[in-house]
Amino acid sequence: MFGPEELIRGDLADFLPRHMRPRTIALTRSLPTTPNGKVDIRAVEADYFRHRAERKNRPAVQPRTPQETLVAGLWKSVPGCEVVSVIDNFFDIGGNSITAVRLTRAINDETGAALPLQAIFQAPTIQDLAALLSGKQEDNHNLSRLVPFSTPAGQERPVYCWPGLGGYPMNLRPLARATNPERPFYGVQAAGMNDNEQSFSSVYEMAQADAALILKQPIRGPYTLWGYSFGARVAYQTAHLLEAAGHHVDRLVLIAPGSPIQAGGEELSGRLADYTDSRFVRLLYSVFGQSLTNRAADRCAATVSSREEFVAFIAKEIPGLDSATVQHICDIVEKCHSSKYTFEEMLTNPVKAPITILKMRGDDYSFIERSATTLTTFPEVHELDIDHYEASSTTRPPGRNAHQRDAEGGQRCRTLRSTTSPSTSHRPTTPIWQTVYRRL
């Protein structure tokens with residue numbers, strides 16, 4: 001649910017009093033260094049102020065229609081989102097996953113429209129949002145769940161990527177920025193995120209609907225499919241359905257497909273959602289807070305024993321995130337949580353495409369690793385020394401690559417370990433998704 005900016009703010013809130021927290025958090029692909037390897041603070045500051053100056057020097061296009069004036073006024077009401085021009089991109093001027101939800105809800109409440117949450121991705125400027133409001137209402141309902149994070153000109157084949165549990169693809173934005181800039185990148189938002197939208201009760205139903213969306217795209221296969229966390233299951237099933245229909249999948253990448261191991265032992269997936277089980281509550285909280293063990297997760301697990309209590313907790317913890325959106329996400333998680341891939345299902349749902357697994361530190365074995373003997377070809381496994389949630393949220397020093405070797409247990413999987421040692425800690429920090437993408 002959270003993007004990297006919100007997660008950094010959340011971490012700082014755990015340790016710093018309000019007056020010491022930064023007003024602005026800027027993400028960067030790398031940090032400049034001095035000749036002796038230390039971070040060049042002056043260069044960092046210069047880069048930040050240069051970026052701000054470039055934004056201010058862009059042509060300021062004022063609202064030209066009543067709809068643009070209306071959207072601009074609502075846009076200004078969202079904290080942290082300054083308005084310079086109706087052609088400014090929402091996410092380039094301070095917007096994030098929470099403020100995107102707030103802006104969409106504010107527009108709907110003010111105008112009576114029914115813009116879906118993904119509208120802000122497909123129309124990220126005041127100009128574009130106003131055009132949506134001026135169009136036919138039924139067109140807004142039909143906005144695709146394929147969220148375009150990158151749509152360069154040309155005929156390159158897209159990457160389709162499924163987000164984790166909860167189905168909101170916002171945290172895939174750093175990955176989209178780190179991938180090949182010449183390839184389009186689409187996040188596949190789960191059905192059920194919007195009002196009057198039905199969520200699916202099985203991975204098969206999700207994949208069936210998503211495969212149909214992908215086949216409607218103008219650029220046909222071969223198809224490249226990625227999936228993060230729970231989304232890895234949907235990506236796998238979609239690959240199977242596309243291949244079964246005669247289409248070619250050239251690569252299937254499963255990022256952190258195993259669940260993070262919790263204290264308490266037994267695996268939770270495949271069971272009915274139980275709000276009296278603190279492990280399920282922690283798992284559901286992690287959809288919003290990207291952590292199983294931070295202070296907020298501890299408070300949530302200690303105080304919540306029903307869905308109503310959980311919604312109230314999140315509403316208090318994340319001001320501006322409306323209860324309807326929280327309820328929609330709970331619906332999706334409850335249904336996803338009860339689904340589990342079995343050995344028998346893997347036998348009847350084969351995939352011919354080469355499979356790459358990015359395994360995170362502390363994760364349990366995934367559905368595909370447990371059933372590796374059912375696969376046509378054994379997957380290539382890359383082990384990364386980052387945890388399940390770091391993979392989609394933070395920055396850290398890049399690791400150094402060890403040699404490839406056969407995986408333990410005799411499985412014919414190639415493993416690439418990535419570790420961080422004290423000797424590399426002085427190097428420029430690299431966004432995690434950039435590190436992940438280099439493994440692909």
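Q: Which residues of helix α13 (residues 307–317) are buried?
A: They are R307, F310, V311, F313 and I314.

Q: What puts these residues on the same side of α13?
A: They cover an arc of only 160° around the axis, so they share one side of α13. The arc is that of the directions from the helix axis to the C-beta atoms. In general, an α-helix has 3.6 residues a turn, so residues three or four places apart point the same way.

Q: What kind of model is this, and what do its values use?
A: This is a predicted model, where local features need pLDDT of at least 70, side-chain atom pairs count only at pLDDT 80 or more, and totals for chains, interfaces and linings use all residues. Side-chain values use heavy atoms, with hydrogens and water left out, and residues are numbered from 1 along each chain as its sequence is written.

Q: Which exposed residues does the face of α13 turned away from its buried side carry?
A: E308 and K316. The cut-offs: buried means under 20% relative accessible area, exposed over 50%, partly exposed in between (1.4 Å probe, protein chains only).

Q: What do the buried residues of α13 pack against?
A: They pack against α11 (278–289), α12 (295–303) and α14 (323–337). Contact means heavy atoms within 4.5 Å.

Q: How do α11 and α13 pack, by angle and axes?
A: Their angle is about 35°, with the axes 12 Å apart. Axes are lines fitted to C-alpha atoms, for helices over the stretch in contact, and angles run from 0 to 180 degrees between N-to-C directions. The crossing is right-handed. That word applies if the near helix is turned clockwise from the far one by less than a right angle, and left-handed if anticlockwise.

Q: Which residues in α11 and α13 meet?
A: V281, L284, Y285 and F288 in α11 meet F310, F313 and I314 in α13. These contact residues divide into 7 nonpolar, no polar and no charged. Ala, Val, Leu, Ile, Met, Phe, Trp, Tyr, Cys and Pro count as nonpolar, Asp, Glu, Lys and Arg as charged, and the others, Gly among them, as polar.

Q: Why is S286 called buried?
A: Its relative accessible area is 4%. That falls under the cut-off for buried, so the label fits. S286 lies in helix α11. Leaving aside neighbours within four places in sequence, S286 is in contact with S291, L292 and Y389.

Q: Why is A114 called partly exposed?
A: A114 has a relative accessible area of 27%. That value lies between the two cut-offs, so A114 is neither buried nor exposed. A114 sits in the loop between α4 (97–111) and α5 (119–122).

Q: What makes S229 buried, and where does S229 lie?
A: Its relative accessible area is 13%, so S229 counts as buried. S229 lies in the loop between β4 and α10 (231–244). It has a positive phi of about 55° although it is not a glycine.

Q: How do you know that A256 counts as buried?
A: A256 has 0% relative accessibility, so it meets the cut-off. A256 lies in the loop between β5 (249–255) and α11. It too is not a glycine, yet its phi is positive, about 50°.

Q: How many helices and strands does the protein have?
A: It has 17 helices and 12 strands. Helices (H or I, at least four residues) and strands (E, at least two) are DSSP runs, numbered from the N terminus.
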